[in-house]
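Student: I have just opened this model and would like a guided look around. Can we go through it with a few questions?

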Amino acid sequence: MIDMTAILNTFKGMTKRNIRVYRKDKMTIFFSLLTQIIILGLYLLFLRGNYVDGIKSGMGEFANLLSDEDINSLVNSWLVCGVIGTSVITVALQSIAIIVNDRYHKISNDYLASPVEGHTVILSYFTSTIIISFVMSGILLTAGFIFIVMDSDITFSVGQIASMYGITALGTISATTLLMFVISFIKKTSTFSSFGLMLSTGIGFIIGAYIPVARFSQSVQTVVNLVPGSQVAGIMRNILMQPAIDNVKSKLSAEGAKMFMDGTKDMFGTNLNIFGKEVGFEFMIVYSVCAIVLFLAANLLFYKISSKNKE
């Protein structure tokens, strides 16, 4: 007879252990947030001024109808989307490193020799990664809301706030399922470090946190926008930037509002282009959910195959 209480207690204990390992390693926490620190630094030094100037020049004569607060709320909202869009990936990456470390240091062999079921071990890794990534990204998101509100006169509805935390959870699950599948093929910590460095460096460009993806060629846009993280970032922009966009539109004429919205799609990436076709909010939601299902199935299949090989 299966003792579900024992299995649940084992799962909870292993999940807590994984979280403690992450919390104790201060360098891991630092590298989890390194990309966000870089984004913030670039924003303060270069990006903010470029975006503000770009909005003003793109609006032409209508720019005089907008205050500095109006423009700052747009740019600040875009910044926060970039920070959260990258954090759900980089934090998940660093927290999931424990799997590679356990495998490299043969700790996983101890699990295999114990009565603990393999799926319990995998589920504990999966759960701890989601918890760590969501908590860290949630803290950043909370700080982001405060930052936007304090630097402008816009407000967020309860629904918009709840939606952002929900999308952050969606992004966390999406990143975890994808990264767990990828690290299934990584056996050495040195290989993982190289992969982590490459991903942390490139993810800001992939999701458009540094420069708008719309400035790339059509083929490059298609490649980067097929990455689930880009879709999640696009969803975040559609939600978090909406109050700032509505505020600007309310101060413009119909002609000015149309000009602004046309420029916003490209400048801030509220819509994405795949194979030359523009996709909107609904597509991004469906795509993100399908990606989770796909990589979850891939993880389960890989686990079944690897378990049979070990037998």
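**A first look around**

Tutor: Start with helix H1, residues 4-24, whose 21 residues reach 30 Å from first C-alpha to last, close to the 30 Å expected at 1.5 Å a residue. Helices here are DSSP runs of H or I with at least four residues, strands are E runs of at least two, and both are numbered from the N terminus. The expected span is 1.5 Å times one less than the number of residues. This is a predicted model, where local features need pLDDT of at least 70 and side-chain atom pairs count only at pLDDT 80 or more, while totals for chains, interfaces and linings use all residues. Residues are numbered from 1 along each chain as its sequence is written, and side-chain values use heavy atoms, leaving out hydrogens and water.

Student: How wide an arc do the buried residues of H1 cover around the axis?

Tutor: Buried means under 20% relative accessible area, exposed over 50%, and partly exposed in between (1.4 Å probe, protein chains only). In H1 the buried ones are Phe11, Met14, Thr15, Asn18, Ile19 and Tyr22. They sit on the same side of H1, because their arc, taken from the directions from the helix axis to the C-beta atoms, is only 135°.

Student: Which exposed residues does the face of H1 turned away from its buried side carry?

Tutor: Look at the face pointing away from the buried side of H1. The exposed residues there are Thr5, Arg23 and Lys24.

Student: Which residue of helix H1 does Asp102 meet in a salt bridge?

Tutor: A salt bridge needs a side-chain nitrogen of Lys or Arg within 4 Å of a carboxyl oxygen of Asp or Glu, and the structure holds 2 of them. Asp102 is buried, at 2% relative accessible area. Its side chain makes a 2.8 Å N to O contact with that of Arg17. The pair links helix H5 (residues 97-104) to helix H1 across 85 residues, and the partner in H1 is Arg17.

Student: And how many residues apart in sequence are Lys251 and Asp70?

Tutor: These two form a salt bridge, with their closest N and O atoms 2.9 Å apart. Lys251 lies in the loop between helix H12 (242-249) and helix H13 (254-268), and Asp70 in helix H4 (residues 68-95), so the parts tied together are 181 residues apart.

Student: Is Phe275 buried or exposed?

Tutor: Find the loop between strand S1 (272-274) and strand S2 (277-279), where Phe275 is located. Phe275 has a positive phi of about 55°, although it is not a glycine. Its relative accessible area is 64%, so Phe275 is exposed.
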